[in-house]
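Here's a quick briefing for anyone opening this structure for the first time. Have a look at it, then read on.

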Amino acid sequence: MSSETQKILTTDGIPLEESLKKAEKKNKIKAFLLVAPLLLFILITYVFPIGDMLFRSVDDRMVTNMLPKTFKAMEKWDGKEMPPEEVFEAFYLDYKILVKEKRHGKLSTQMNYEKNGFKSILKKLARKQKKFKEGNYKEQIMAVHKRWANVEYWRAIKRRAPEYTYSKYLKGIDMYKNEDGKIVQVPEDRRVHKILWLRTLEVALFVTIFCFLMGYPIAHLLATLPMKYSNLLMICVLLPFWTSLLVRTASWMILLQQQGVINDFFVLTGLVSDDNRPEMMYNKTGTYVAMTQILLPFMVLPLYSVMKTISPSLMRAGKSLGGTPFIAFWKVYFPLTIPGIGAGCLLVFILAIGYYITPALVGGASGTLISNQIAFHMKSTLDWSFASAMGLMLLTGVLVVYWIYNKLVGIDNIKLG
Amino acid sequence: MSKKQQFVKFDKVDKSYDGKVLVVKDLNLDIAEGEFITMLGPSGSGKTTCLMMLAGFETPTNGEIYLDTNPISNIPPHKRGIGMVFQNYALFPHMTVYENLAFPLKVRKFSKEDTDKKVDKALSMVSLSGFENRMPGQLSGGQQQRVAVARALVFDPQVVLMDEPLGALDKNLRESMQYEIKHIHESIGVTVVYVTHDQDEALTMSNRIAVFNDGKVQQLSSPDKLYEEPVNSFVAEFIGENNTFSGEVVDISKGECKVKLDSGTEILSNPIRVKSKGERTIVSLRPERAIINPEKKMDNKHNGKIEEVIYHGDHTRVRLNMLGNSEFILKVPNSSARMDIKVGNELAVGWNSLDARALDPK
């Protein structure tokens with residue numbers, strides 16, 4: 001009996017499982033083909049760029065490939081004294097090729113990231129090496145500029161020997177590998193990134209809190225008002241969504257600048273004197289105000305969608321059972337909105353931590369965030385690997401926040417609407 | 001301690017939401033202590049509004065509500081000490097059954113032991129002992145309903161309000177819950193104000209029923225009186241089944257009147273809302289009071305033609321065309337003595353004039 005029940009046959013005598021597979025196969029292929037374009041899209045626009053970014057942030061083969069002989073010769077050098085003649089000769093030969101192929105500019109840029117002052121001495125070397133005579137390259141190179149006689153610069157070259165490096169990550173947190181190979185902090189006056197990271201965290205945190213404090217009552221109002229009013233209010237909430245980000249930020253600039261509308265109003269009402277107008281822009285205040293306004297809908301919408309599902313009779317039940325309005329709110333209503341609070345806060349925080357345009361326009365020097373620094377390296381210094389490293393650090397930060405949230409509240413508890 | 005007759009008192013209460021339409025008009029209603037009173041009416045008749053005013057979620061536009069002789073219009077809901085069972089149960093979905101029941105006790109600062117004791121007692125009353133740690137979402141509709149009832153009773157309120165609590169349950173469960181609530185009421189003697197639009201529910205459960213229509217109480221009386229002696233044509237139509245004839249009073253004397261129907265026939269009926277000759281009236285007759293092949297003593301005897309026969313198991317419903325009314329319904333008990341009931345046959349039907357109540361013409 002048992003063997004019979006194990007292998008059930010269809011009326012045609014084919015095993016049931018096989019027959020089922022056959023019947024399902026077509027559907028499976030169809031389903032796969034349906035999602036295939038999307039899968040491809042995600043692969044191309046998401047997985048590849050991030051993979052490329054990850055790779056770029058640790059990839060250091062450019063210099064390795066430009067100076068192959070030099071690094072080979074440097075293998076035997078311990079890095080304490082000046083390198084021996086073979087290193088100089090190899091370097092001369094490598095560099096000669098680079099100059100001939102007009103690739104020496106890239107090397108000087110790369111080396112300048114490593115140590116300031118490389119650019120000019122490499123340029124000078126490019127000019128002078130044409131007249132070099134054979135033999136005793138050490139003397140000849142050292143004669144080009146006195147920095148070439150400084151062992152520090154040769155150590156800097158040696159540091160670029162490995163194909164892969166995590167130095168960009170160290171740089172992102174204001175650390176570096178010193179001459180002895182130890183990881184230490186950069187001098188205090190050059191620690192710019194740590195401040196930026198902390199400021200980004202602070203701004204994201206406070207913007208989230210402000211959005212929550214303002215969004216919660218709005219969402220509650222939206223969820224409880226009669227339809228005709230709530231629709232109007234909803235449009236007011238969504239209107240910023242439909243306006244260009246740039247326009248919104250620009251309008252904040254008009255409002256907040258020292259000769260702007262708000263300051264004019266303050267002066268007009270006598271709150272402040274004309275020569276004592278407060279600065280509300282090009283600092284953190286401006287960043288806070290503009291970002292809170294722009295990110296507010298991301299808080300209101302998830303909260304609204306959760307509050308909409310909470311029956312008003314629950315609050316009534318709380319009150320009829322003897323709870324004061326506050327207790328009914330705190331014990332009954334508030335716990336039920338937690339999924340919305342979680343979703344809204346997570347959304348706003350993650351968006352805020354990587355925010356770029358608004359802080360760039362209204363932030364000034366003290367209101368810019370880490371994303372502005374990333375953009376700066378993408379556009380101005382062209383140190384893409386450093387920008388990639390910082391971008392990945394930001395991404396890791398976001399993932400950590402997500403993980404913590406998942407541990408504390410549970411991600412399946414989230415409700416985005 | 002004698003029961004107070006005016007434990008809850010609505011005194012000339014009006015309610016309007018928009019300042020144009022009165023949802024409740026001049027409501028005067030006394031509810032005795034320990035009574036089970038039902039507010040029955042079609043939707044929009046103002047019955048739920050009355051309940052909400054009593055619970056404190058709506059304020060009367062005019063008039064006053066008294067609870068145990070104290071005016072309560074200015075007391076917020078949480079201080080009224082009135083238990084309430086909501087239409088959709090309104091159990092707190094993020095709390096266990098125990099926490100739901102303990103909520104009213106906690107806000108009243110009961111000790112842990114007293115709370116446990118009371119919750120235990122309330123749960124056993126609705127036969128749900130052992131369900132303390134379940135979440136409301138894990139319970140069936142009937143179980144949720146019982147938890148809601150237990151929660152409304154656990155803090156020993158003076159009055160319990162129930163707003164169509166059985167509306168979401170299926171028919172069988174609804175009937176068994178009706179008995180259960182009725183028994184709970186009988187055993188603890190709490191005053192219950194119950195709102196429903198289901199007349200069977202109202203008739204089964206209540207001591208007294210207030211029939212609402214158009215913001216007014218049409219009739220307030222015990223279930224049997226309400227059914228047997230409706231005071232106007234709305235109540236007659238709303239409660240149970242009803243055959244009606246409209247016509248004009250041609251003769252009236254003490255306890256009897258002659259009504260000339262629109263079809264020309266004259267019938268004898270019981271004058272309830274008519275006083276003088278020439279008045280328009282609607283005569284109402286319960287289907288079970290009309291009898292086929294009447295005995296001699298019945299003072300109304302007429303013939304009708306069978307239009308439709310519907311089999312209902314325990315009885316058969318026969319639709320007749322009689323005296324100009326093609327919707328005249330007869331209920332024939334499904335006894336062994338089957339008569340020759342076929343569509344197209346003529347039937348002789350009779351009733352007592354006492355059961356034919358001449359009411360207002362609407």
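**Where the chains meet**

This is a predicted model, and a good place to start is the contact between its chains: 19 residues of chain B meet 15 residues of chain A.

- On chain B's side of that contact, β6 (82–85) and α2 (97–107) each chip in with at least two residues.
- Sort the chain B residues that touch chain A by class and you get 13 nonpolar, 4 polar and 2 charged.

**Inside chain B**

- Chain B splits into two pieces: domain 1 covers 8–233, and domain 2 covers 241–359.
- Going by C-alpha atoms, the centres of domain 1 and domain 2 of chain B sit 39 Å apart.
- The two domains of chain B do touch, with 4 residues of domain 1 in contact with 6 residues of domain 2.
- On the domain 1 side of that contact in chain B, there are 2 nonpolar residues, 2 polar ones and no charged ones.

**How confident is the prediction?**

- For the model as a whole, the scores are ipTM 0.80 and pTM 0.77.
- Chain B has a mean pLDDT of 87, and 98% of its residues come in at 70 or more.
- Which part of chain B has the highest confidence, and which the lowest? The top spot goes to α2 of chain B, at 93, while strand β15 of chain B (residues 291–292) is at the bottom with a mean of 83.
- As a rule of thumb, don't read predicted coordinates in detail where pLDDT is low.

Methods
Residues are numbered from 1 along each chain as its sequence is written. Chains are lettered from A and ligands numbered from 1 in the order in which they are written. This is a predicted model: local features need pLDDT of at least 70, side-chain atom pairs count only at pLDDT 80 or more; totals for chains, interfaces and linings use all residues. Domain bounds come from an automatic or database domain assignment. Two residues are in contact if their C-beta atoms, placed from the backbone, lie within 7 Å. Ala, Val, Leu, Ile, Met, Phe, Trp, Tyr, Cys and Pro count as nonpolar, Asp, Glu, Lys and Arg as charged, and the others, Gly among them, as polar. Helices (H or I, at least four residues) and strands (E, at least two) are DSSP runs, numbered from the N terminus. pLDDT is the predictor's confidence in each residue, from 0 to 100.
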